[in-house]
Amino acid sequence: MAKAKNPSDAVPPAPSPDSLAPIVTALAPARRIIKPKMYGIENVPQRGALLVGNHTLYGLFDLILLAGEFVERKIVVRGLADHAHFLIPGHRDVLTAVGAVPGTRANVRELMRRGDLIMVFPGGAREVAKRKGERYQLIWKNRVGFAMMAIEGRYPIIPFASLGIEDALDIVIDTDSPLMAPARILAKKLLKSEPLPLVRGIGLTPIPRPDRLYFWFGEPISTAEYDGVAHEESARELRTRTAAAIEGGLDFLRAEREADPERSLLKRLIGSKSES
């Protein structure tokens with residue numbers, strides 16, 4: 001009889017801040033242009049919490065810049081990624097190198113056993129593949145897994161919100177369009193997922209316009225009151241509290257953006273020159 005696989009064997013060790021330092025260097029030019037604005041990042045601990053946020057369109061561009069902010073602060077985050085990412089050669093190696101793991105319950109339990117800082121997007125692939133009219137919406141369906149795991153692992157939740165990237169891209173054709181039928185079939189067959197919409201950023205390219213990005217991190221939502229006992233009712237209550245916090249964070253960021261004197265690229269560039 002084959003020996004059962006130890007869950008720890010499937011989860012590589014967390015990368016060190018030093019090993020991730022080149023990310024800060026590589027992202028320096030983009031960060032100087034975008035100048036991401038951070039609110040409440042002091043609420044993010046080095047270890048032992050679950051970061052839960054809104055997954056933005058394409059789920060990539062804002063996370064790249066957020067990674068630079070984390071690494072600069074010596075914060076190592078273990079991201080939970082959709083299984084489809086790990087089916088793509090090369091891409092899966094990059095994800096593993098920066099500490100991401102497939103989002104399974106076994107992997108989450110192992111990360112919690114180690115006391116790692118974990119990031120999850122309950123909306124998953126559906127929230128990344130937004131349709132027209134869904135800008136910054138939380139599309140979580142009936143998912144409560146993250147809340148169940150937080151309660152079971154006695155992990156506090158740090159709600160966070162990301163604003164900006166969905167204003168820097170326009171959806172040209174979303175995945176509900178009949179024109180996307182072949183892409184839907186191919187994505188389901190190869191990745192067991194759905195395709196991304198066709199977007200336009202700078203000109204006709206999918207490169208986002210250089211809009212400023214804004215990130216908000218709320219105060220921890222404790223799970224101590226549940227005493228490690230997770231059930232449907234408590235998980236849904238925790239999910240509701242978390243979603244409300246994220247939506248409140250998005251409202252806060254919208255107001256801050258409206259009042260931001262450096263919202264425009266020109267003013268940010270002028271500000272950067274005066275600072276230097």
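In the predicted model, Asp170 has a relative accessibility of 25% and therefore counts as partly exposed, falling between the 20% limit for buried residues and the 50% limit for exposed ones. Arg209 is likewise partly exposed, with a relative accessible area of 25%. The side chains of Asp170 and Arg209 form a salt bridge, with an N to O distance of 3.1 Å. This pair connects distant parts of the chain, since Asp170 belongs to strand β7 and Arg209 to the loop between β8 (198-200) and β9, with 39 residues separating them in sequence.

Over the whole structure, 25 salt bridges were found. One of them joins Asp167 to Arg257, whose closest N and O atoms lie 2.7 Å apart. Distant parts of the chain are again linked, with Asp167 in the loop between β6 and β7 (170-173) and Arg257 in helix α8, 90 residues apart. Both Asp167 and Arg257 are buried. A further salt bridge is formed by Arg263 and Glu258, with 3.0 Å between the closest N and O atoms. Here Arg263 is partly exposed, having a relative accessible area of 36%, whereas Glu258 counts as exposed at 59% relative accessibility. In addition, Arg31, Glu69, Glu72 and Arg73 are joined in a network of salt bridges.

Side chains of opposite charge can pair when their charged atoms come close. Arg268, which is located in helix α9 (residues 265-275), is buried but takes part in no salt bridge. Its nearest side chain of opposite charge is that of Asp211, at a distance of 6.2 Å. A polar atom of the Arg268 side chain is instead found 2.5 Å from the backbone oxygen of Pro210. Beyond four places in sequence, Arg268 is in contact with Ile33, Ile34, Lys35, Pro210, Asp211, Arg212, Glu262 and Arg263.

In soluble globular proteins, nonpolar side chains tend to be buried together. The largest nonpolar core of the model comprises 35 residues, of which Leu50, Val52, Phe146, Ile157 and Leu238 touch the most other members. At least two residues of this core are supplied by each of β2 (50-53), α4 (105-114), β5 (117-120), α6 (145-153), β6 (157-163), β9 (214-217) and α8 (232-258). Apart from this core lies another, of 21 residues, including Ile34, Val44, Ala49 and Leu66. With residues up to four places away in sequence excluded, Phe146 touches Leu50, Val52, Val120, Pro122, Trp140, Ile157, Arg239 and Thr242.

Helix α8 contains 27 residues and should span 39 Å at 1.5 Å a residue; the expected span agrees with the computed one because its end C-alpha atoms are 39 Å apart. The buried residues of α8 are Ser234, Ala235, Leu238, Arg239, Thr242, Ala243, Ile246, Gly249, Leu250, Leu253 and Arg257. They pack against β1 (37-39), β2, α6, β6 and β9.

Two buried residues of α8, Ile246 and Leu250, also belong to the surroundings of Asn54, which touches Phe121, Glu127, Tyr136, Leu138, Phe160, Ala161, Ser162, Ile246 and Leu250 when residues up to four places away in sequence are not counted. Asn54 occupies the loop between β2 and α2 and counts as buried, at 2% relative accessibility. The Asn54 side chain reaches the backbone nitrogen of Ser162 at 2.9 Å.

For helix α2 (residues 61-72), the twelve residues should span 16 Å at 1.5 Å a residue, and the end C-alpha atoms are 18 Å apart, in agreement with that expectation. Within α2, Asp62, Leu65, Leu66, Gly68, Glu69, Phe70 and Val71 are buried. One of these, Leu66, is a member of the core of 21 residues, while Glu69 takes part in the salt-bridge network with Arg31, Glu72 and Arg73. Just after α2, Lys74 adopts a positive phi of about 65 degrees.

Val71 is also in contact with Leu20, as are Pro15, Val76, Ala97 and Val98, leaving aside neighbours of Leu20 within four places in sequence. Leu20 lies in helix α1 (residues 17-34) and has a relative accessibility of 7%, so the residue counts as buried. The C-alpha atoms of Leu20 and Val98 are 7.1 Å apart, although 78 residues separate the two in sequence.

Technical notes:
Residues numbered from 1 in each chain as written. Predicted model: local features only at pLDDT ≥ 70, side-chain atom pairs only at ≥ 80, totals over all residues. Heavy atoms only, no water. Helix = DSSP H or I, 4+ residues; strand = E, 2+ residues; numbered from the N terminus. Buried < 20%, exposed > 50% of the residue type's maximum accessible area, 1.4 Å probe, protein only. Lys, Arg positive; Asp, Glu negative; His and termini not counted. Salt bridge = Lys/Arg side-chain N within 4 Å of Asp/Glu carboxyl O. Polar contact = N/O pair within 3.5 Å; in protein donor to acceptor, adjacent residues only side chain to side chain. Contact = heavy atoms within 4.5 Å. Core = buried A, V, L, I, M, F, W, Y, C linked by side-chain atoms within 4.5 Å. Expected span 1.5 Å × (residues − 1).
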